[in-house]
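Got your viewer open? Let's take a walk through this model, one selection at a time.

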Amino acid sequence: MTRAPFIVIEGLDRSGKTTQTSLLQARLEREGISTKLMKFPDRTTTIGQMIDSYLKSTSELDDHVIHLLFSANRWEMASTIETLLNEGTTIICDRYAFSGIAFSASKVTTTTTTPSSSSSTDATTVPKLPFEWCRAPDVGLPAPDLVLFLDISPEQARLRGGYGEERYEKEEMQARVRQAFKRLGDETRTSSPTGVAASGKQWLVVDAGRERDEVSAEMWSHVELLVKGTLTSPIGKLWN
Ligand code: FDM
């Protein structure tokens, strides 16, 4: 039995991720490929509305609770993802479990101390949630066949007008998130030097600091191979 591919676009804020995701969807449609665009968080569900008000800082939630809500928001779509892929609909997904881990694992508690011998202060940061704890709730979700990670440096993001108003859109947070994404990408590459993991998952870094059309052309070159090929392997499960 053949099925359609599951393609995830991950990226930092200001990387042009949302624009690139729509351009990719438009390209797939022009090629006559049946496509569904998904986005996480999906703010339309009851859980999604709780996430939305947390991100807009109109509500406060414990860090563990919001992390589990982000994961639950993916689980509520898991069976739909599987059904669509098996029916032959290609899924393009704007953020997925990798964002879930990268953002939650980048939350830190900062303590500052002033050594008696100095007038300057030392800051120590400690993660609020361990990396493996952050991964656990997403283990078993449908695994993407391809992850395109849109990378942009904090300097380039600043040139693009800086970050927005939502909760995680702060420069130090974004720098930690970038490191966490690197760790997730390296994990995939370690399981295979070509970036293709044993389960067929692939993580590719795209330099999103370039012109919009250059970025979309590179993304299309990776996606085209997948959508024009024949996929017979069953849908994988994340981190199994
Ligand atoms: N985000 C997104 C998380 O913290 N965890 C998740 O699981 C997901 C999917 O939510 F700051 C963060 C990432 C971002 C915010 O994302 C909203 P969009 O793409 O700006 O809507």
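Start with helix H8 and select its buried residues: they pack against strand E1 (6-11), helix H1 (17-30), strand E6 (146-151) and strand E7 (203-207). Keep in mind as you click around that this is a predicted model. The buried residues of H8 are Val215, Met219 and Val223, so color those three if you want to see what faces the strands and H1. Now zoom out to the whole of H8, residues 212-227. Its 16 residues, at 1.5 Å each, should span 22 Å, and because the end C-alpha atoms are 22 Å apart, the helix agrees with that expectation.

Next, the core. Select Ile7, Ile91, Cys93, Phe98, Ile101, Ala102 and Leu148: these have the most contacts inside the largest nonpolar core, which has 41 residues. In soluble globular proteins, nonpolar side chains tend to be buried together. Pick Cys93 and look at what it touches from farther along the chain. Leaving out neighbours within four places in sequence, Cys93 is in contact with Ile7, Val8, Ile9, Met38 and Phe40.

Phe40 is a handy stepping stone, as it is also among the residues that surround the ligand. Which residues make up the rest of that surround? Add Pro41, Leu55, Phe70, Arg95, Ser99, Gly100, Phe103, Glu166 and Tyr168 to your selection. Color the shell by type and you get 6 nonpolar, 2 polar and 2 charged residues. Helix H4 (residues 97-104) gives the most to this shell, with 3 residues.

While Phe40 and Pro41 are still highlighted, check the backbone between them: that peptide bond is cis, with omega near -5°. Pro41 sits in the loop between strand E2 (35-39) and H2. Most residues other than glycine have a negative phi, and most peptide bonds are trans.

There are a couple of phi angles to visit too. Go to Arg14, in the loop between E1 and H1. Arg14 isn't a glycine, yet its phi is positive, about 70°. Is Arg14 buried or exposed? Arg14 counts as buried because 22 other C-beta atoms lie within 10 Å.

Now hop to Ser57, in the loop between H2 and helix H3 (63-87). Ser57 is not a glycine either, and its phi is positive at about 60°. With 10 C-beta neighbours inside 10 Å, Ser57 counts as exposed.

Right there in the loop between H2 and H3 you can also pick Lys56. Lys56 has 11 C-beta neighbours inside 10 Å, so it counts as exposed. Try the distance tool from Lys56 to Gly16: C-alpha to C-alpha they are 20 Å apart, with their positions 40 residues apart in sequence.

Step back into H2 (residues 46-55) and select Asp52. Asp52 has 16 C-beta neighbours inside 10 Å, so it counts as partly exposed. Draw another line, this time to Asp42: the two are 10 residues apart in sequence and 8.9 Å apart in space, C-alpha to C-alpha.

For the last stop, select residues 9-187, the stretch that an unreviewed UniProt entry annotates as "domain: Thymidylate kinase-like". Color residues 9-187 by secondary structure: the chain there is 47% helix and 17% strand. Then find the two ends of that stretch, whose C-alpha atoms are 17 Å apart.

Technical notes:
Residues numbered from 1 in each chain as written. Predicted model: local features only at pLDDT ≥ 70, side-chain atom pairs only at ≥ 80, totals over all residues. Near = placed C-beta within 6 Å. Helix = DSSP H or I, 4+ residues; strand = E, 2+ residues; numbered from the N terminus. Nonpolar A, V, L, I, M, F, W, Y, C, P; charged D, E, K, R; others polar. Core = buried A, V, L, I, M, F, W, Y, C linked by C-beta atoms within 7 Å. Buried ≥ 20, exposed ≤ 12 C-beta atoms within 10 Å, placed from the backbone. Contact = placed C-beta atoms within 7 Å. Expected span 1.5 Å × (residues − 1). UniProt positions renumbered as here; feature names shortened; annotations may be inferred.
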